[in-house]
Amino acid sequence: MAHGDHETALDSAHRIAPPQEPGEPLLKCEQLVIGYGGKDILPPMDLVVRRRQFVAVVGRNGSGKSTWFKTLLGLIPPVSGQITLGAPHIRSAYVPQTSSIDSLLPVHARELTGWGRLSGWNFLRPFPSRADRQKVEAALDTAGARAIAKRPFHDLSGGEKQRALLARVIATEADVVLLDEPTAAMDAVAEKQTMLRLCALAHDRGLGVVVVSHDMSVAAEHADVILFVDREHRCYVMGDARTVFCHPAFRRQYGDDYCNSAPQGPHRGNSPA
Amino acid sequence: METVLLEPSKWEQFRSAWELFQDPILCALIAGCVLGFLSVYVVLRRMVFVSAAVTNTAGLGVALAFFAEIHLGVHVDPLVGAVVLSVAATLLLMVEPARLRLSRESLLGCAFAFAGGAAILVGDRIAQEAHDIQGILFGTAVLVTPDQLHAVAVVGAVLMVLHLWWYRGITFVSFDRIGATVQGLPVRMLDTVLMVSIGIMVGVCARALGALPVFAFSTLSAIAALVLDLRLPWTFFTATVLGGIAGAGGYFFAYFYDFPVGGSQTVLSGVLVLLMMLVRLARTPFQRKA
């Protein structure tokens, strides 16, 4: 077995646990209009991300998916409408692209995971508490990142880097996880493992997972809800893989191939909103 | 009987005049350590030219303070001039340059060139302080005043306490800004604290030691530490130590070999980078074995 391919707690949980219905709303977009400088680029959108739900956002370059994602992260304000958390205790976390962590940064996987325990003003405590340290160790175990904990992040392979970032997001104990192109520049095996781990986060650990991806096969295979955005024609389509891939707006951009190979029926029978 | 008068050795001269030299050595040590610590952020956040522009601006601030005193009859402490202008330059360089349809490099180039040129022009009109201006730009000053030492020590101590206390927050915000934003950290506040810290420390140290060695401490110390590829906390520690060595060691070197102080401190900073590269080369075979 290749280094870094061993089964983790997330992998085994995903195989054993039966799928469950999506749960409580975690994140709500209500009549959300995205854009820059007050100019909208897509029509108003309603979307609810629920517990145990895997949402994939797809579209071509310049389609508006990055703008949508940045709006969701709170990096740019919405033109109108609002984004609200399902309850005050709900927390969100972000998993950056592995390439966005500077290759010069001499940070080790354990240290990176430790950043997951920081929120609000708790950095005023100069050292992590014992409980925080335990949660970091548990997160490393859960993500299968124990073996790489002491290694510099820049020395890790693409799959190992993703595992370290997953450990960090587990350490946050967030309810909603937002990921930007998590499988970019990965080989097929690492990509498959990463997506299975993300599915396990959603379906077994009960998180809401939102992934921006260029890869339609990833969306078709793993997502409960797909959101296709198209800035050029100012439209979006939301639903299961078949609904989205066979929609005329999607076929106008990508042709009929995805529709013909789309899985029959929704993954989990959930409605997007 | 004939008496032979031997000139005391350099070392004996140094020891007998220790009271004269202790302040500048202590000042260089503190400045080297604190700027060495901050240099890790400067280098890893790819702000080396921010440091260059800010140190140049601090030199301009000192020149303007002299100019105001001589030609306008207004007393402005050169230290205040250096700090005000370097902090102002730091805050200006924090502005998102895309708003002006410029890249950050072009903004930095403008600040660097304008501040350097303006310092020379202002220096030309204050001939009686020309030596001081040269000292500020190139670090040729051999002595520091008690006030300058006091300022460097107090500002350095406050900044070190603050940065060690907020280390976790500032590193997270510095190296994963979006992640820190999503997790609710006060990103803008922590960023401003870091940038203002760099601006103040550069300003205070440029007045006491000169712009050139300050630039060297605030960049080369981290480069030397990063070459060793240590963990992040050890990188900060090593850069702090190397900055201190360059500061104090450069002064000794300048005294014993009759070189300008600022140039010696700068060259020693560079020599430390080379030395760390050799250490890394020597370490590599052992790491491979392990």
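How many helices and strands make up the secondary structure of chain B? Select chain B: the count is 13 helices and zero strands, where helices are DSSP runs of H or I of at least four residues, strands are runs of E of at least two, and both are numbered from the N terminus.

This is a predicted model, in which local features need pLDDT of at least 70, side-chain atom pairs count only at pLDDT 80 or more, and totals for chains, interfaces and linings use all residues. Residues are numbered from 1 along each chain as its sequence is written, chains are lettered from A, and ligands are numbered from 1, in the order in which they are written.

**Stop 1: chain B as a whole**

Colour chain B by secondary structure and follow the sequence: the pattern reads α-α-α-α-α-α-α-α-α-α-α-α-α. The C-alpha trace of chain B spans about 85 × 65 × 30 Å along its principal axes. The radius of gyration of chain B is 20 Å, which agrees with a compact globule of 290 residues, expected near 19 Å; the radius is taken over C-alpha atoms, and the globule rule is 2.2 Å times the number of residues to the power 0.38.

Of the 290 residues in chain B, 49% are buried. A residue is buried if 20 or more other C-beta atoms lie within 10 Å of its own, exposed if 12 or fewer, and partly exposed in between, with C-beta atoms placed from the backbone. Contacts (C-beta atoms, placed from the backbone, within 7 Å) can be sorted by distance along the sequence. In chain B, 77% of those between residues at least 6 apart join residues at least 24 apart.

**Stop 2: a helix pair in chain B**

Select residues 18–44 and 211–227 of chain B, which are helices α2 and α11. Their axes are 7 Å apart and the packing angle is about 65°. Axes here are lines fitted to C-alpha atoms, for helices over the stretch in contact, and angles run from 0 to 180 degrees between N-to-C directions. The crossing of α2(B) and α11(B) is right-handed, meaning that the near helix is turned clockwise from the far one by less than a right angle; anticlockwise would be left-handed.

Show side chains at the contact: α2(B) brings residues including B:Ala31, B:Gly32, B:Leu35 and B:Gly36, and among those from α11(B) are B:Val214, B:Phe217, B:Ser218 and B:Ala222. By class, the residues of this contact are twelve nonpolar, six polar and no charged. Ala, Val, Leu, Ile, Met, Phe, Trp, Tyr, Cys and Pro count as nonpolar, Asp, Glu, Lys and Arg as charged, and the others, Gly among them, as polar.

**Stop 3: chain A and its side towards chain B**

Now select chain A, which has ten helices and eleven strands. Of its 273 residues, 48% are buried. In chain A, 72% of the contacts between residues at least 6 apart in sequence join residues at least 24 apart.

Which residues of chain A meet chain B, by number? There are 24 residues of chain A in contact with 24 residues of chain B. Pick out β7 (92–95) and α3 (109–115) of chain A, each of which supplies at least two residues of that side. β7(A) gives the most, with three residues. The side of chain A that touches chain B holds 16 nonpolar, six polar and two charged residues.

**Stop 4: the three-strand sheet**

In chain A, find the open antiparallel sheet with the order β4-β1-β6; strands pair if DSSP finds at least two bridges between them. β4 (45–50) and β6 (80–85) of chain A are the edges, each with a single partner strand, so one side of each has no neighbour in the sheet. Neighbouring strands of this sheet are turned by 5° against each other on average, direction ignored.

Strand β1 (residues 25–33) of chain A runs antiparallel to β6(A) over five bridges. Label A:Cys29 and its bridge partner in β6(A), A:Ile83.

**Stop 5: the six-strand sheet**

The other stop in chain A is an open sheet with mixed pairing, in the order β7-β8-β9-β5-β10-β11. Its edge strands, β7 and β11 of chain A, each pair on one side only. The twist averages 15° from one strand to the next.

Select β5 (residues 54–58) and β9 (residues 208–212) of chain A: they are parallel, with four bridges. A:Val57 is opposite A:Val212 in β9(A). Helix α6 (residues 188–203) of chain A packs on the sheet, touching β5, β8 (176–180) and β9 of chain A.

Finish on β10 (residues 225–230) of chain A, which pairs with β11(A) in the antiparallel sense over five bridges. A:Val229 is opposite A:Tyr236 in β11(A). The two strands, β10(A) and β11(A), form a hairpin with four residues between them, and A:Arg234 in the turn has a positive phi of about 45°. On β11 (residues 235–239) of chain A, A:Tyr236 and A:Met238 lie on the covered face, and A:Cys235, A:Val237 and A:Gly239 on the uncovered one.

Terms used. Contact = placed C-beta atoms within 7 Å.
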